[in-house]
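Student: Hello! I have just opened this structure and would love a guided look at it. Could we go through it together?

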Amino acid sequence: MAAEKNKQKIRILKDGPYIVSGGVPLIKQGIGTDDEGNSYQWTLKITYPLKNTYSLCRCGKSKNKPFCDGAHLKTGFDGTETASKKPYMAEAAGTDGPVLTLTDVWPLCDHSRFCQRAGGIRELIANSDDPEAKKIAIEQGQNCPSGRLVVWDKETGKALEPEFEPSIAIIHDPQKKCEGPIWVRGGIPIESFDGTIYEVRNRVTLCQCGKSENKPFCDGSHWLTKDEMENWRSKWNKKDDQV
Ligand code: FES
């Protein structure tokens with residue numbers, strides 16, 4: 001399997017699916033919520049049989065999701081990649097706390113909402129000299145599937161990243177009654193249609209519904225309406241430097 005891991009890759013086809021190669025395990029996971037409806041843990045729903053190569057739908061129209069069934073050819077799917085190819089840290093804004101810091105690239109948000117519990121991650125970071133606040137801030141940062149949010153230990157200067165075997169999870173969002181993005185974990189390279197490789201990251205969420213305006217990455221369009229998305233974007237555009 002070690003040799004296979006070196007071959008693991010996701011290749012994006014022009015206006016077509018993601019081609020996954022190298023025997024990447026595929027599962028489906030749900031967003032578990034607490035009594036107040038806040039996202040706080042992952043639940044396992046399905047483990048798919050392991051295949052060496054498979055294609056995942058990117059247009060949202062397959063009748064055999066998460067796999068591509070060729071529907072993109074009939075529907076005229078425009079899969080143009082519009083996301084930035086700059087490294088995460090080149091675009092990150094920061095929030096400083098006493099023990100932890102937070103970096104944030106908001107256009108990567110997939111709206112899984114793990115950062116909202118217990119007052120929200122920024123308040124927790126601000127109070128990170130409190131052990132409970134610190135613990136929850138780290139949990140929230142690590143549960144952020146897109147890696148939009150990264151929590152750092154100030155003393156060591158290290159990112160507190162979760163450990164993942166290379167794998168893919170299809171996210172199910174029961175609260176919003178929809179499928180979410182394709183969650184790529186463990187540093188699997190993602191090759192653009194033009195042959196360039198996006199920065200290899202431990203956590204990435206790819207668009208599965210075909211509606212993201214930040215393709216190939218998810219932007220939450222699978223459940224946010226156009227108006228909600230517009231409002232959300234303008235809020236973050238205004239506070240670019242003060243996450
Ligand atoms: S990308 Fe092929 S059916 Fe959706």
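**Salt bridges, strands and a cavity**

Tutor: Happy to help! Let us begin with a group of charged side chains: a network of salt bridges links Glu213, Asp219, Lys226, Glu230 and Arg233. Keep in mind that this is a predicted model.

Student: Within that network, which residue forms a salt bridge with Arg233, the closest N and O atoms being 3.9 Å apart?

Tutor: Side chains of opposite charge can pair when their charged atoms come close. Arg233 sits in helix α6 (residues 226–238), and its partner is three residues apart from it, so the two are separated by about one helical turn. Arg233 is buried at 17% relative accessibility, while the partner is partly exposed at 46%. The residue that bridges to Arg233 at 3.9 Å is Glu230.

Student: How many salt bridges does the count come to?

Tutor: A pair is counted when a side-chain nitrogen of Lys or Arg lies within 4 Å of a carboxyl oxygen of Asp or Glu. One such pair is Asp15 and Lys14, at 3.3 Å from N to O. By this rule the count comes to 15.

Student: In that pair, is Lys14 buried or exposed?

Tutor: Buried means under 20% relative accessible area, and exposed means over 50%. Its partner Asp15, at 23%, is partly exposed. Lys14 has a relative accessible area of 52%, so this residue is exposed.

Student: Glu161 forms a salt bridge too; which residue is its partner?

Tutor: The closest N and O atoms of this pair are 2.6 Å apart. The pair links distant parts of the chain, 42 residues apart: Glu161 lies in the loop between β9 (158–159) and β10 (167–173), and the partner lies in strand β13 (residues 203–206). Glu161 is partly exposed at 28%, whereas the partner is buried at 2%. That partner is Arg203.

Student: Let us turn to the strands. Why is strand β7 (residues 100–104) largely enclosed by the rest of the structure?

Tutor: In a regular strand the side chains alternate between the two faces of the sheet. In β7, Leu100, Leu102 and Asp104 point one way and Thr101 and Thr103 the other way, and all are buried. The strand is largely enclosed because the number of its buried residues is five of the five.

Student: Which strand does β7 join through five bridges?

Tutor: Strands of a sheet pair through backbone hydrogen bonds, either parallel or antiparallel. With β6 (residues 93–96), β7 runs antiparallel through four bridges, and the two form a hairpin with three residues between them. The five-bridge partner also runs antiparallel to β7, and its Trp152 stands opposite Thr101. That strand is β8 (residues 149–153).

Student: Which are the edge strands of the open sheet of four strands?

Tutor: The order in this sheet is β5-β2-β1-β12, with mixed pairing. Inside that order, β1 (residues 9–12) and β2 (residues 18–21) run antiparallel and are joined by four bridges, with Lys9 opposite Ser21. An edge strand pairs on one side only, and here these are β5 (54–56) and β12 (190–191).

Student: Last one: what volume does the largest cavity have?

Tutor: The structure holds one cavity of 30 Å³ or more. Leu108, Ser146, Arg201, Val204, Thr205 and Phe217 line the largest cavity, and by class this lining has three nonpolar, two polar and one charged residues. The volume of the largest cavity is about 40 Å³.

Definitions and conventions
Residues numbered from 1 in each chain as written. Predicted model: local features only at pLDDT ≥ 70, side-chain atom pairs only at ≥ 80, totals over all residues. Heavy atoms only, no water. 1 Å grid on protein atoms, 1.4 Å probe; cavity = no way out; pocket = protein on both sides within 12 Å on 5 of 7 lines; lining within 4 Å. Points joined across faces, edges and corners; volume = space filled by probe spheres on them. Nonpolar A, V, L, I, M, F, W, Y, C, P; charged D, E, K, R; others polar. Buried < 20%, exposed > 50% of the residue type's maximum accessible area, 1.4 Å probe, protein only. Pairing = 2+ DSSP bridges.
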